[in-house]
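Trainee: Could we go through this model together, one question at a time?
Mentor: Gladly, let's have a look.

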Amino acid sequence: MSAAVTVAAVDELAAAGVATVYEAYGRRGLLDAEWVPLQPGRRTAGPARIARCGQGDNRAVHEVMTHLRPGEVLVLTMPQPEPVALFGDLLATQAAACGAAAVLVDAAVRDSADLARLEYGVWTRWRRARGATKEIRGSVDVPVTIGGTGVAPGDVLVLDDDGVTAVAAADAEATAGAVRQRIAKEDGLRERWAAGEFSYDAYGMREADDTAGGNSRAGAVT
């Protein structure tokens, strides 16, 4: 794990989940794409270990396995996402032996039933049997852009059923603190809503709407 990121910070970000981390990080870092979690209900986080593959090719995935360390999130991408399987059962076995925390595939996976039984999580854009070539070396441990967000080696990725968000390694500790503050705030709001208070009133929306005049339901067909 990167020396700039503590295990405690990663654990806090993982426990908080994607939505909370994204909000606490100033609505930054979202990898804005449609992700398929092969093990729904799982939350995890870890520093990114990146392979930028050649288009339709997974030779770089084989290379990056030699660099993968326990607790890291293996990130596999190409210049343009397409439903080509960069990752399957045999590569998954290597990732397990290396101690991967998760695998994020900005392309397709295959052997998805086998991957769903893994001890770590796999998030993918597609599930497709179409195989990759192994002719282009690609690049390992380089910055990439996924879903409109830049991800550098060592940045912390948080993954759950809501998707994936990234926190720069230099911001991980501060973001963990912001997450704690947000969770405390949300716990207080949850108690108020459970007691019968409405957010429409607490956030001043009713007062603003009454001041503006009219009724948003006026003229509505019922």
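Trainee: In which loop is Tyr203 found?
Mentor: A word on the model: it is predicted, so local features need pLDDT of at least 70 and side-chain atom pairs count only at pLDDT 80 or more, while totals for chains, interfaces and linings use all residues. Residues are numbered from 1 along each chain as its sequence is written, and side-chain values use heavy atoms, with hydrogens and water left out. Helices here are DSSP runs of H or I with at least four residues, and strands are E runs of at least two, numbered from the N terminus. Tyr203 is in the loop between α7 (199-202) and α8 (205-212).

Trainee: Which residues form a nonpolar patch on the surface with about 430 Å² of accessible area together?
Mentor: Patch members have over 30% relative accessible area and no salt bridge (Lys or Arg side-chain nitrogen within 4 Å of an Asp or Glu carboxyl oxygen). Nonpolar side chains (Val, Leu, Ile, Met, Phe, Trp, Tyr) are joined within 5 Å, like charges within 9 Å, and areas come from the Shrake-Rupley method with a 1.4 Å probe, only the protein chains shown counting as cover. The patch is formed by Phe198, Tyr200, Tyr203 and Met205.

Trainee: Is Pro143 buried or exposed?
Mentor: Pro143 lies in the loop between β7 (139-140) and β8 (144-146). Buried means under 20% relative accessible area, exposed over 50%, and partly exposed in between (1.4 Å probe, protein chains only). Because its relative accessibility is 61%, Pro143 counts as exposed.

Trainee: How far apart in space are Pro143 and Ala51?
Mentor: In sequence, 92 residues separate Pro143 and Ala51. From C-alpha to C-alpha, the distance in space is 9.3 Å.
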